[in-house]
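Let's go through this one by asking where each label comes from. Have a look first, and then the questions start.

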Amino acid sequence: MSIDNHLHNQATTGEWPPKDNVNPDTALVVNDGVAQPPIINPYMKVVKKRPALLSVEEYLEGIFAANTTILSKAITLVESALPAHRVLAQKIIEGCQKYNSERGFESMRIGITGVPGAGKSTFIEAFGGMVTDKGHKLAVLAIDPSSEKSKGSILGDKTRMETLCNNPKVFIRPSPSAGSLGGVARKTRETIILCEAAGYDVVFIETVGVGQSETAVHSMSDFFLLLMLSGAGDDLQGIKRGIMEMSDLIAITKADGTNKDKASMAKALYANALHLFPPTESTWTPTALTSSAVTKEGLPEILAKIEEYFALVKGNGYYAHKRREQAKFWMYETINESLKNSFYENPLIEECIGNYEASVLAGKTESFTAAEELLEMYYKRKEAENRE
């Protein structure tokens, strides 16, 4: 209907707009809307999703080419608890081990530990830059403590390493401790092997620093660096007994400003204490030094000591001997982990363990009795499977 007809209709009937558009219950007029375009762009090309997992060959090629994206994905695969991922990860690890062995790759694995607040991340930020300036490629494995309640980790150590994060020669990988005793992630050693295959010849292993990591760190590092605070007093007694006698160098951190004199006194005390320990198997004499991540004082001396240590142990054969001893240690650790996985992933155990757990919580069954019965069930099931 034209506008003239509308005006004529209003003049004759007093109604506007025409009756066919009028709702007697409202004074509102609803006009036809504009047709909406489709939600999906019809001209957009359909992109196929890439598979979540690559092949073993693709992972290995990416790692050998120092592709940090592929390296990160491979480490995630190694840390996964899924059985399917575990099989794939084992093949990747074996490929990297073979690659490192064939080219005679020798790296420097340096464990760095100390009490919380000693400045481990800040020290690595300053010290790591010096290492890369010497022409090395650095991998930093920062182990972050996991919450006992939520099982989560902040994984925020990279926020303290802003300069290293932007260094093309540095790869930083924070990992949760995931309840591992000793503050070292369950798959840290395998991660080291992958990083070495990617060409990182210096690996820092930064631990949680809770005083229980000496065995775990010592079993996967060549050099053990202990960071201490001056004037901390009895707060350090808990870790001195175990870690000091295993450390190859003690660095008193935050030796700047008004704290410089205290750090010098602490250095003398720790140096005297180190002389009380028996001689090391490597013939290396541990000592204590002061350092400041702010002023960079003492860092060149620490790097010189580390280089001196590796020159000594590679010359007298202790470097290769310790690596072989570590390989034996991790053979047994791998056996223990495989047995544990075999137990908990057994279908019968998965079906029954919840009931036993509820019975123990209710006080109806003793914990030792429940464990013995579950193990007996597991052994009988394995025997039946072997007979079949």
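**The second largest pocket and its charged pairs**

The second largest pocket has a volume of about 450 Å³, where volume is the space filled by probe spheres set on grid points joined across faces, edges and corners. This is a predicted model, in which local features need pLDDT of at least 70 and side-chain atom pairs count only at pLDDT 80 or more, while totals for chains, interfaces and linings use all residues. Residues are numbered from 1 along each chain as its sequence is written, and side-chain values use heavy atoms, leaving out hydrogens and water.

Q: What makes a residue part of the lining of the second largest pocket?
A: A pocket is an open set of points on a 1 Å grid over the protein atoms alone, where a 1.4 Å probe fits, with protein on both sides within 12 Å along at least five of seven lines; a lining residue has an atom within 4 Å of a point. There are 19 such residues here, and the closest to the centre are Asn100, Phe105, Arg109, Glu196 and Arg323.

Q: Which helix gives the largest share of that lining?
A: That's H12, with six residues. Helices here are DSSP runs (H or I, at least four residues), strands likewise (E, at least two), numbered from the N terminus.

Q: Why is the contact between arginine 86 and glutamate 345 called a salt bridge?
A: The rule asks for a side-chain nitrogen of Lys or Arg within 4 Å of a carboxyl oxygen of Asp or Glu. The N to O distance in this pair is 2.4 Å, so the pair qualifies. Arginine 86 lies in helix H4 and glutamate 345 in the loop between helix H12 and helix H13, so the pair ties together parts 259 residues apart in sequence.

Q: Why does arginine 86 count as partly exposed?
A: Buried means under 20% relative accessible area and exposed over 50%, with partly exposed in between (1.4 Å probe, protein chains only). Arginine 86 comes in at 21%, so partly exposed is the label. Glutamate 345, at 32%, is partly exposed as well.

Q: How do you know that glutamate 196 and arginine 109 form a salt bridge?
A: Their side chains meet at 2.7 Å, N to O, so the rule is satisfied. Glutamate 196 sits in helix H7 and arginine 109 in strand E1, 87 residues apart. Both are buried.

Q: How many salt bridges does the rule give?
A: The count comes to 13.
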